[in-house]
Structures are given as C-alpha cells and as structure tokens.
Amino acid sequence: MEKYNLEKIKSVHHWNESLFSFKCTRKNNFKFKNGEFVLLSLIDKEKKIIYRAYSILSSNYDNYLEFLSIKIENGIFTNILKNLTVGDNIYISKKPSGTLIFENLLNKGENLWFLSTGTGLSPFLSIIKNYEIYKNYSTVVLIHCVNYKSNLSYRYYINNIFYKNIINFNKLNFIYYPIVTKEKFINNKRITEIIKNKKIFIDTNLENFSKFKDRIMICGNMNMLIDIKNILQSLYNFYEFSSNQMGLFATEKAFIES
Ligand SMILES: Cc1cc2nc3c(=O)[nH]c(=O)nc-3n(C[C@H](O)[C@H](O)[C@H](O)COP(=O)(O)OP(=O)(O)OC[C@H]3O[C@@H](n4cnc5c(N)ncnc54)[C@H](O)[C@@H]3O)c2cc1C
C-alpha cells in the first residue's frame with residue numbers, strides 16, 4: 001500500500017438510499033488540482049485490497065478530502081464504502097489524475113460551463129470554489145441533471161452557503177441550473193435536449209455556444225458524454241482537449257458502465 005495514504009473518516013452524510021458523501025482527513029503533503037480524481041482503496045472481508053476511482057469534491061485549499069458516492073446494489077466496493085463510519089480507515093492514492101482541470105481548456109473564454117449528471121457533479125464542486133476561474137471567466141454555469149430530486153446533492157449548500165459566502169460576497173457571476181428528469185421540477189429536460197432546443201441559452205440569458213467565448217467541461221454517464229460531444233463537434237465546431245492540445249471542451253466518465 002505504499003502508493004496510498006492512510007486517512008480516517010471524519011463525517012458521513014447519507015442523502016438517500018442510493019447516494020452518500022463523506023469527508024476524511026488529508027495528509028499535508030497530498031496535493032491535487034481541483035477537478036482531479038484518485039483511487040480509494042479498502043480491504044474486504046477476505047483481506048483482499050479493492051479500489052475504485054473517485055473524483056475529489058473538496059477544493060485543494062480545504063484541509064480535508066470530500067467525496068460523493070453512489071450506492072450500487074451488490075456493488076463490490078460501495079457495499080463496503082457505504083458502511084464506513086467516523087474513525088474508520090480509508091486508503092487514498094497519492095497520485096491524483098484526470099482531464100477536468102482548468103489548464104486543459106484554451107484560456108480565452110467568457111463563459112465556463114460545467115455539465116454534469118449524477119455523481120459527475122463532484123469534480124465541478126471542487127472547481128467552482130476556486131476564485132481563479134472567476135478571474136478568467138465572467139460567467140460560470142453549473143448544470144446538474146439527476147433522475148429524482150433527492151439526488152440533487154449539495155443543492156442547499158449551493159443555493160445558500162455557496163451563493164452567500166462566495167458568489168454574492170465577491171460579486172461573482174455564477175448560475176446553478178439543477179434538472180430533475182423523473183419528478184415534477186422547474187427544469188426537467190435532459191442536458192442534450194435543452195442545448196438542442198436552446199432553452200438553456202434562454203434560461204441563462206447567455207448566447208449560443210461560440211468557440212470564441214465558451215469553454216465547457218462535461219462529467220457524467222457515457223451516453224450523455226457521447227451525445228454532448230457530438231453536438232459540440234458537429235453543430236458548434238468545438239474540439240476536445242487531448243494530450244497534445246488544449247481544448248474548447250474536456251470530458252470525463254463519471255463511472256465505467258458494465
Ligand atoms: C474517473 C472516474 C471517476 C469516478 N468518480 C466517482 C465518484 O466521484 N463517485 C462515485 O460514486 N463513483 C465514481 N466513479 C465510479 C466508481 O469508480 C465505482 O464504479 C463505484 O464506486 C461503484 O463501485 P462498485 O464496486 O460498488 O460497483 P461497480 O462494479 O464498480 O459498478 C457497477 C455498475 O454500477 C454503475 N455505476 C458505477 N458507478 C456509478 C455512479 N457513480 N453513478 C451511477 N452508476 C454507477 C455502472 O453501471 C457500473 O457498471 C468514478 C469512475 C471513474 C472511472
């Protein structure tokens with residue numbers, strides 16, 4: 001386990017029967033960029049080491065690490081993870097990685113868009129708390145699409161604490177746009193749909209995507225990633241970040257589908 005730091009659970013919050021989040025200690029020398037993911041590792045009943053990728057939800061200036069997790073029925077990893085309580089051990093890989101970092105986008109935008117589904121919210125919560133992005137973009141938009149209202153994790157935090165302490169206090173321009181697809185809610189159309197029918201531009205009072213002013217990060221399920229990628233490439237001529245060029249948009253899977 002020399003590639004992992006041993007940390008302790010500090011608090012756990014269960015949002016509903018399929019979603020929870022937790023905070024754990026953070027070693028002083030553990031560095032990461034907002035938006036990156038790590039491997040969380042646990043030891044199962046047979047003393048086997050198991051690990052899974054998790055996006056870090058806390059920001060790099062926080063003295064703790066925070067994660068948001070799905071609870072998969074019969075999920076090998078989450079069946080153990082969901083039962084962790086305060087004081088339990090968790091191993092966290094020392095080398096974070098990921099594509100959803102600020103530096104991967106061509107740095108000449110006016111609007112920075114974060115498009116997420118489900119637990120794909122995590123990397124963006126880490127990034128939006130970073131003041132640097134507001135120096136580079138005049139408007140930051142966070143779209144979070146879920147099936148049921150109870151999966152709109154951190155909605156209260158964003159609408160109240162985050163807006164009050166960070167956005168309004170510093171006079172920043174931030175738009176939170178939650179979507180719920182399977183229950184009555186103010187916004188209930190999927191992200192692809194509101195981009196295609198342009199409702200998102202009307203609702204946010206922003207213009208159609210343009211490569212001169214918009215930069216986009218996407219994190220969510222595979223279908224959503226593919227659909228949005230296609231729209232951005234075919235309708236808007238956007239190109240994606242790759243290892244040899246900065247992009248107008250960057251994507252990351254929120255999980256691997258089996
Ligand atoms: C880069 C990356 C970052 C990730 N970050 C997170 C994160 O921040 N939070 C998180 O909960 N998971 C995240 N995951 C998924 C995570 O690694 C595990 O898949 C998850 O913990 C479930 O593990 P499991 O062993 O219980 O089930 P698995 O056997 O790993 O998964 C079983 C099935 O459950 C579904 N599934 C898995 N994860 C999710 C999810 N997050 N949302 C919806 N369906 C899912 C998929 O269909 C998958 O095939 C990430 C995955 C990747 C690749």
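How many of the eight residues of β8 are buried? In this predicted model, eight of the eight residues of β8 are buried, so the strand is largely enclosed by the rest of the structure. Burial here refers to a relative accessible area under 20%. Both faces of β8 (139–146) are covered. On one side lie T139, V141, I143 and C145, and on the other V140, L142, H144 and V146.

Strand β8 pairs with β7 and with β9. Seven bridges join β7 to β8, and these two strands run parallel. Within that pairing, L115 stands opposite I143 of β8. The pairing of β8 with β9 is likewise parallel and extends over seven bridges. Here V140 has F174 of β9 as its bridge partner.

The surroundings of V140 were examined further. Apart from residues up to four places away in sequence, V140 touches L112, F114, I128, I133, Y134, N173, F174 and I175. V140 also belongs to the largest nonpolar core, which has 33 residues. The members of this core that touch the most other members are F114, I128, V140, L142, I158 and F174. At least two core residues come from each of β7 (111–117), α2 (122–128), α3 (131–136), β8, α4 (155–168), β9 (174–180) and β10 (214–220). The element that gives the most is α4, with five residues. Both domain 1 and domain 2 take part in this core, each with at least three residues. A second core, separate from the one just described, has 26 residues, among them V141, I194, I228 and F238. V140 and V141, which lie on opposite sides of β8, thus appear in separate cores: V140 in the core of 33 residues and V141 in the core of 26.

The domain assignment of the protein places residues 4–93 in domain 1 and residues 102–253 in domain 2. The C-alpha centres of the two domains are 24 Å apart. Contact between the domains involves 21 residues of domain 1 and 15 residues of domain 2.

An open sheet of six strands was also found, with antiparallel pairing and the strand order β4-β3-β6-β1-β2-β5. Strands β4 (49–55) and β5 (64–70) form its edges, each pairing on one side only. From one strand to the next, the twist averages 35 degrees. Within the sheet, β1 (residues 4–16) and β6 (residues 89–93) run antiparallel and are joined by five bridges. In this pairing, E7 stands opposite I90 of β6.

One residue of the sheet strand β3 (residues 37–43) was considered in detail, namely S41. The relative accessibility of S41 is 0%, and S41 therefore counts as buried. The side chain of S41 reaches the backbone oxygen of I50, at a distance of 3.1 Å. Beyond its neighbours within four places in sequence, S41 is in contact with M1, Y4, I49, I50, Y51, F77, I90 and Y91. I50 is thus both a contact of S41 and the residue whose backbone oxygen is reached by the S41 side chain. I90, another of the contacts of S41, is the residue that stands opposite E7 in the pairing of β1 with β6.

Terms used
Residues numbered from 1 in each chain as written. Predicted model: local features only at pLDDT ≥ 70, side-chain atom pairs only at ≥ 80, totals over all residues. Heavy atoms only, no water. Core = buried A, V, L, I, M, F, W, Y, C linked by side-chain atoms within 4.5 Å. Buried < 20%, exposed > 50% of the residue type's maximum accessible area, 1.4 Å probe, protein only. Helix = DSSP H or I, 4+ residues; strand = E, 2+ residues; numbered from the N terminus. Domains from an automatic or database assignment. Contact = heavy atoms within 4.5 Å. Pairing = 2+ DSSP bridges. Axes fitted to C-alpha atoms, helices over the stretch in contact; angles between N-to-C directions. Polar contact = N/O pair within 3.5 Å; in protein donor to acceptor, adjacent residues only side chain to side chain.
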